[in-house]
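Please follow the strands of the structure shown below, and then the contact between its chains.

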There are 2 protein chains.
Amino acid sequence: MVKRERWRQDFSGWFNDILQDADIMDTRYPVKGLYVWRPYGMKLRNLVFSRLRQLHEDTGHQEVLFPLLIPETQFQKEADHIRGFEGQVYWVTHGGLQKLEVRLALRPTSETSMYPMFALWIRTHADLPIKVYQIVNVFRYETKMTKPLIRLREVTTFKEAHTAHATAEEAEAQVREAIAIYRKFYQELGVPCVISKRPPWDTFAGAVYSIAFDTVTPDGKALQIGTIHNLGQNFARVYGLKYEGVDGKHHYVHQTCYGISERAIAATIMVHGDDGGLCLPPDVAPIQVVIVPIPFKEKETPVEKVAGEVREELRAAGLRSHLDDRDLRPGNKFYYWERKGVPLRIEIGPKDVEKGQVTAVRRDTGERVTIARRNLKAQVEQVLRQITDHLRQRAKSSFEKSIHPAADLKSARELLKKEGGIIRIPWCGQESCGKRIAEETDGEMLGEEIDSTPQPSARCPVCSQQARVNALLAKTY
Amino acid sequence: MVKRERWRQDFSGWFNDILQDADIMDTRYPVKGLYVWRPYGMKLRNLVFSRLRQLHEDTGHQEVLFPLLIPETQFQKEADHIRGFEGQVYWVTHGGLQKLEVRLALRPTSETSMYPMFALWIRTHADLPIKVYQIVNVFRYETKMTKPLIRLREVTTFKEAHTAHATAEEAEAQVREAIAIYRKFYQELGVPCVISKRPPWDTFAGAVYSIAFDTVTPDGKALQIGTIHNLGQNFARVYGLKYEGVDGKHHYVHQTCYGISERAIAATIMVHGDDGGLCLPPDVAPIQVVIVPIPFKEKETPVEKVAGEVREELRAAGLRSHLDDRDLRPGNKFYYWERKGVPLRIEIGPKDVEKGQVTAVRRDTGERVTIARRNLKAQVEQVLRQITDHLRQRAKSSFEKSIHPAADLKSARELLKKEGGIIRIPWCGQESCGKRIAEETDGEMLGEEIDSTPQPSARCPVCSQQARVNALLAKTY
């Protein structure tokens, strides 16, 4: 019933088509790397990011909004940071017909916009911790191939959180909290991930270390869908973020920051889709249930009337439901809503009306279920939960199949070439060996996995010393 | 009890202080005209704009999101439009270390970003109407004095709606719908407005005519808080927005657009405030009820426990409530929450606990009301409704006093100088007379009021012909 052939074999074509067909984005905006969110896509975006917003609110993060424009003088204070971004920053040089005295950067991320203000906010230990976040547009002058939702010049939807703490321990604890938030977020979306500490040569510009979440796309590449950085005192020293401690002395704060972009939406679309189109988890589906009346001319049963009642009943139950009463053939409607990934379709024909029932069709499996009208709410809710579970389970099982353990470089290289996905290989943890592993396997080092440890007998495939961690390797987006 | 002396006499100082004190914005960002939204301000912003969003959704507008960056070639197609904006547009000229081939404008408004895409979306009459909106940041290189929430270089929160229609009549009807939406929005916020058709010399760049909403600030100036434009076919011709009609022929569409910025929040703060600080309408107050326990050491009554129960009860009733259990003196807490404009304070002392009651204090009047615990929800809701009504009524009455009818130029000029506010004066409607009225009265012509008509006997103060409309004049922000 459910096919995933094109989804697997021509994934890039599938993805581009579905964004357009399902009314997610229009990819025809006349500037490379910029796209237009269409109404249905916006609803999906808002649902996904409200969830992320709520997870931040529940853990004591406060929403703020900082300016997009950062003066060059302020932007360039942290040396590593500017080195990391100088090739990617858009510069505003003119206001109206005048040349600006100081060039303004379009934020590629907001450390340099926020932290000078943090310096005004932090006086004593009582002002700490600071835990803020914003959901904003950020800009990167990408020279590589751009791709909607994935590699953008305007990232339209970037949730970035920034924190400041009195001690290094508290900053560490904050990194753990951020990991827990992101883990929960992706669990809810049914998007499976590996979590790894990025290698030193792939750490965020200005950070002490970086943690990243990666999922695997149907074409076997790793997609980074969240990063968490321990900034130590690097930015604090540059921007003078000091507090007076209980000891009466002044100390630099310890900081973290962490971000998730619209790639979260890309991942949700990618891991759950099939040849028929989107297949959205009920929690974030803009329409959870679509009702399609199936009238027969010869019978004068009140199909439309009952369909309207069913819609009202579902709405009253708090379900996002829609009655498709367009003058189209039911088959066309089925196809239309399948493309858009509506989790459950309810068909109501004359026989259903007579029997006091509806026919529900699951988007994920194609399975048909008859539901008695008197049990409508409870059973629809139950089926939606089953869909959620099934999507999560299906994605997990497919993800697990894409993770390949390897013990030596040759088999790692072959696996990566033949199977794609992520290679898990023991590593001593030394930078030179790590770089060699990446090079010899023709993959990119995602980093050391935080949820696994190698067997005590495992050896680094380069230096043969005892492996300290599991390295993860992949081709990446 | 309630003082409005500083609010009236040093309004500018009052406004700047309260934004900082009440945690609305930090105005110390080191670029002119750019400000930082603080957490409490963000909550207010989100509540105000969700309401505006809902009003658009309820009337069939669909949310979209277009890129910030507009290529110069595309931006400059509509000649009037570019003339209107050329002095105000920020230009991106460099990406990383490279000079861009085509300069990119930061949108000052999105006609030129959206309409080339509309051209792809519109084929036949069945694709019409298009009614979309977005809530985005827009940029204006302001050379005048900037002011938080009022005159910004980054307008962080701009709701702009854009529509396309088959006929001129439908575009006219859309203008009326937009007026109705904005009227309702400001009625709910309790912000009184006059609505006028802007004079030809103050029409939006590229529009056929513009309608504007203005309120009056405590220092007697008019503040434009919403505009609605009938664009006719001006942009349609430039961007080729044609549809195939039922007649089989191709026609240009008719368009409208309308916007409201964070000035809506400025207006809400301004019209309702007093010397004590903000005074927020309950509908948009981030905290509607704050609970302050008043413990006495000598009595071991369970004041805190009861305060917690009251908080839970109010939360369960869907009210945004907060228990202030900080280790501060009650008086300090009162002051703190008054500054922030929380509509209702509930005090709970030992006597209240004994008597099974709470003491509620209204922010708007200072009035104290005793509420029995068993009636808590119903009575709190009732008091909040009374506060809403009172704020609306107080603002309306103060607004009406600031509108001064005048019959001749001299008295108009004197009234404007002495009283400020808005002068209503009959006008024949001719441009030359209108400009003369503005000049002679030393005011700005807001335009012809749409909700009033002059007496049949009224004459234009310049040409003495019969007055066709009432002109509105004011000093403006």
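Strand E7 (residues 130-139) of chain B and strand E8 (residues 154-165) of chain B pair in the antiparallel sense over 9 bridges. Strands pair if DSSP finds at least two bridges between them. Strands (E, at least two residues) and helices (H or I, at least four) are DSSP runs, numbered from the N terminus. The model is a predicted one: local features need pLDDT of at least 70, side-chain atom pairs count only at pLDDT 80 or more, and totals for chains, interfaces and linings use all residues. Residues are numbered from 1 along each chain as its sequence is written, while chains are lettered from A and ligands numbered from 1 in the order in which they are written.

Within the E7(B)-E8(B) pair, Ile130(B) stands opposite Ala164(B). E7(B) is also joined by 2 bridges to strand E3 (residues 62-63) of chain B, and these two run parallel. There, Glu63(B) faces Tyr133(B) of E7(B).

Another sheet takes strands from both chains. This open sheet of 6 strands has the order E4(A)-E6(A)-E5(A)-E5(B)-E6(B)-E4(B), with antiparallel pairing. Strand E4 (69-71) of chain A and strand E4 (69-71) of chain B stand at the edges, each with a single partner strand, so one side of each has no neighbour in the sheet. On average, neighbouring strands of this sheet are turned by 45° against each other, direction ignored; the axes are lines fitted to C-alpha atoms (for helices over the stretch in contact), and angles run from 0 to 180 degrees between N-to-C directions.

Where do the chains join in this sheet? Strand E5 (residues 90-95) of chain A and strand E5 (residues 90-95) of chain B pair in the antiparallel sense over 5 bridges. Tyr90(A) stands opposite Gly95(B), and Val92(A) has Val92(B) as its bridge partner.

The contact between the chains involves 41 residues of chain B and 41 residues of chain A, where contact requires C-beta atoms, placed from the backbone, to lie within 7 Å. On the side of chain B that touches chain A, the elements giving two or more residues include helix H3 (39-58) and helix H6 (111-121) of chain B. E5(B) gives the most to that side, with 6 residues.

Chain B can be laid on chain A with an RMSD of 0.0 Å by a turn of 180° and a shift of 0.0 Å along the axis, with copies superposed by least squares on the C-alpha atoms of residues with pLDDT of at least 70 in both. The two copies are therefore related as by a two-fold rotation axis. Of the residues of chain B, Val92(B) comes closest to the rotation axis, at 2.1 Å (C-alpha).

Note on methods: Contact = placed C-beta atoms within 7 Å.
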